[in-house]
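I opened the notebook today to look at how a ligand sits in a protein, and then at how a pair of helices pack. The entries follow the order in which I looked things up.

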Amino acid sequence: MSSAPDSRAARNRCAKPLWETARPRFVYNAQRWKPLIPHTPIIDPNNMSYIRGTTKNARGITQAWRSVQSRGMADAAAPATRGTRPDSVVYLPEDPTAPLPLPDDATVFSMIQPTGTVHLGNYLGALRPWRSIQDRCEGPGQRVIYGVADLHALTVPHKGRAAAEALRARRQECVATLLACGIDPARATVAFQSSVAGLHTELFWQLSCLAPMGYLNRMTQWKDKRGGDPQRERLGLFAYPVLQAADILVYRATHVPVGDDQGQHLELTRYLAERFNAWFECDLFPVPRTLYCGGGHGKKVRSLQDPAKKMSKSSGDPMSLVYVTDTPEQIRDKIKRARTDSISSSFYFDPENRPGVSNLLDIVAGLQDKDMAAVEAECAGMRDYGAFKGYVTEVVVEALRPVRERYARFSGDAAYLQSVADRGADAAGEIAAENMKRVREVVGLGARR
Ligand code: TYM
């Protein structure tokens, strides 16, 4: 029955976006599948990928809607193409005494890899905020859990007995550093990822069954670390962000304090949490938010030798980073040799044109919990690099002095470090086990006997 006027009418209808012409039974709004309420806006194009209708009859429209629906499942809200939603990020107030903008039932969770000595980037982007959060999370329902991501450490080239010995030492060193940076096991649970490994990896598997390969393939860290070398293209490195999502979701964490480089991983975590909830029609996982501290100063500390890059454990150039355990002489030497520019008459924050100087100013602002204008004002009278770098050195040395001293104390006490990790494993394991019981119920697996 396809008369000419009818098909023209169908064409006209389909020239509009499909949601104005067809009536699917469910719509995906980036949170979950929702039944369609007729005559209400049914898709927010900012939140959802959609197709324009090109079909000519009702059956075609239905098929197109099925396609919309399945694309909703497959690609809608895919963060790699959408960027971070503004409401996904919470900035903690610069004033360390101000109350935290966290709900009473917040679960704060984060991890660090034991792949090298902790540096100033880890300290400013993560460990210092961790301490500040731990000190201020006092609500009866608030929980704080920090972990050493030792399973993740296996994704870097790791072979032979020497590598195993090095990892063993680094795990312990990492716990000692957390404590030296002020993480208090009486306020925050501190655990090795591998101590709760069964639950992290079980959820990892479940999330792997939801995670689109295309999305993982677009992750920046995968592209950087695979290095174009097929020998390094391991499944573990590819799937790493899914394990990270499982680390977070197994505790049903609501807030994750990390540095800037983890933004994409956090976006994937949100995507998988939403997708899990949508697929299984539940509200099991909160959609975790990224926490940045100190107004964002220090969330991306740059290499001292190449400010275009972040300060990184894997840089291979010890002069490019300051370790939190460096001596004052080492710190002085590294900052003295830090790459800057030829303008030595004034020091101001201009990351685009003066990346080296701006990095040093950002480090000072982060360490002193000051805003940039206050730091610039302190540098106003300085007329050469000797004065400026001397000032930066002083701030860094003084900020890291207590860390270095406490590290010397903790690192020699293997029994104490083990006891902290054991207690942490029990506490974290209890929370994760309870959550995984609910996950198993939701996906249709039996409870563990
Ligand atoms: P990792 O070990 O590389 O870094 C630990 C923390 O330090 C931050 N960070 C930086 N911050 C500012 N400037 C820098 N130059 C800098 N370099 C590192 C990182 O953002 C991070 O917060 N994948 C994670 C570990 C992980 C994790 C998790 C984190 C595993 N599971 C679950 C949070 C939640 C990593 O490799 O971090």
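The entries below begin with the ligand and end with the helices.

**Entry 1, the model.** Before anything else I noted that this is a predicted model, and I kept that in mind for each value I wrote down.

**Entry 2, the residues around the ligand.** I looked up which residues come nearest to the ligand, and found that, of the 28 residues around the ligand, these are Tyr240, Gln244, Asp247, Gly259 and Asp261. Sorting the shell by class, I counted 11 nonpolar, 11 polar and 6 charged residues.

**Entry 3, polar atoms.** I then looked at individual atom pairs, starting with Tyr240, which has a polar side-chain atom 2.6 Å from a nitrogen atom of the ligand. In the side chain of Asp247, I found an N or O atom that is 2.7 Å from a nitrogen atom of the ligand. For Asp261 the ligand atom is an oxygen, and it is 2.4 Å from an N or O atom in that side chain.

**Entry 4, cover.** I asked how much of the ligand the protein covers, and the value is 96% of the 710 Å² of accessible area that the ligand has on its own. The elements that give two or more residues to the shell are β4 (107-112), α4 (120-136) and α9 (235-249).

**Entry 5, two helices.** Turning to helix α6 (residues 197-208) and helix α15 (residues 414-443), I noted that their axes are 10 Å apart and that they pack at an angle of about 30°. Angles under 35 degrees count as roughly parallel, and α6 and α15 are therefore roughly parallel to each other. I also wrote down that the crossing of α6 and α15 is left-handed.

Note on methods:
Residues numbered from 1 in each chain as written. Predicted model: local features only at pLDDT ≥ 70, side-chain atom pairs only at ≥ 80, totals over all residues. Heavy atoms only, no water. Near = heavy atom within 4 Å. Polar contact = N/O pair within 3.5 Å; in protein donor to acceptor, adjacent residues only side chain to side chain. Areas by Shrake-Rupley, 256 points an atom, 1.4 Å probe, with all protein chains shown as cover. Helix = DSSP H or I, 4+ residues; strand = E, 2+ residues; numbered from the N terminus. Nonpolar A, V, L, I, M, F, W, Y, C, P; charged D, E, K, R; others polar. Axes fitted to C-alpha atoms, helices over the stretch in contact; angles between N-to-C directions. Parallel < 35°, antiparallel > 145°, perpendicular 65-115°, else oblique. Left-handed = near helix turned anticlockwise from the far one by under 90°.
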